[in-house]
Amino acid sequence: MLKYLPHRNSTIPGSVIYSAVVFFGVINIIFARQIEEVRSCLMAFLNIIPPERHLFERALNQLKGARVLTIADATNLVNYVVMIGLVIKDDKVDFEVNHTVAKSEQLEISAQLVRLAKEGI
């Protein structure tokens with residue numbers, strides 16, 4: 001069971017947006033503007049704005065070696081260096097997994113998750 005704890009000032013960079021109490025501890029969701037704030041996280045959702053794609057690519061390069069699971073919401077990004085790509089198809093959210101990139105960062109994505117994915121690379 002998850003218990004969500006909303007926080008005030010959630011648009012201030014580095015601040016906690018939500019906390020979720022789970023069986024193994026607390027998960028904090030933060031709002032980050034600087035990639036340095038993300039390097040110590042377990043996973044990062046990278047929002048892609050088309051005119052700023054070069055910033056997205058720079059952020060991914062700066063995360064190399066940090067062992068951060070990268071997730072993005074654009075088609076075909078999983079073919080590059082994102083580990084999990086979210087895709088909307090037929091009004092449903094699907095995902096793709098790039099197991100090769102995850103392995104290069106010494107992260108293991110479970111076989112069950114790879115089977116559930118639209119594509120496993």
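**Pocket lining, nonpolar cores and a surface patch**

In this predicted model, the lining of the largest pocket draws at least two residues from each of strand 2, strand 3, strand 4, helix 1, strand 5 (69-72) and strand 6 (84-89). The volume of this largest pocket is about 1400 Å³, and among the 37 residues that line it, those closest to its centre are Ala-32, Val-38, Ala-44, Phe-45 and Leu-46.

Val-38, Ala-44 and Leu-46 also belong to the largest nonpolar core, a set of 12 residues that is completed by Ile-35, Phe-56, Ala-59, Leu-60, Leu-63, Ala-66, Val-68, Ala-72 and Val-82. At least two residues of this core are supplied by strand 4 (43-46), and at least two by helix 1 (53-63); helix 1 provides the largest share, which amounts to 4 residues. A second core, separate from the one just described, contains 11 residues, including Ile-71, Val-101, Leu-107 and Ala-117.

Nonpolar side chains are also found at the surface, where Phe-23, Phe-24, Ile-27 and Ile-29 make a patch of about 490 Å². Of these patch residues, Phe-23 is located in the loop that lies between strand 2 (16-22) and strand 3 (25-30). The relative accessible area of Phe-23 is 80%, and Phe-23 is therefore classed as exposed, the cut-off for that class being over 50%.

Terms used: Residues numbered from 1 in each chain as written. Predicted model: local features only at pLDDT ≥ 70, side-chain atom pairs only at ≥ 80, totals over all residues. Heavy atoms only, no water. Patch = residues over 30% accessible without salt bridge, like charges linked within 9 Å, V, L, I, M, F, W, Y side chains within 5 Å. Areas by Shrake-Rupley, 256 points an atom, 1.4 Å probe, with all protein chains shown as cover. Salt bridge = Lys/Arg side-chain N within 4 Å of Asp/Glu carboxyl O. Buried < 20%, exposed > 50% of the residue type's maximum accessible area, 1.4 Å probe, protein only. Core = buried A, V, L, I, M, F, W, Y, C linked by side-chain atoms within 4.5 Å. 1 Å grid on protein atoms, 1.4 Å probe; cavity = no way out; pocket = protein on both sides within 12 Å on 5 of 7 lines; lining within 4 Å. Points joined across faces, edges and corners; volume = space filled by probe spheres on them.
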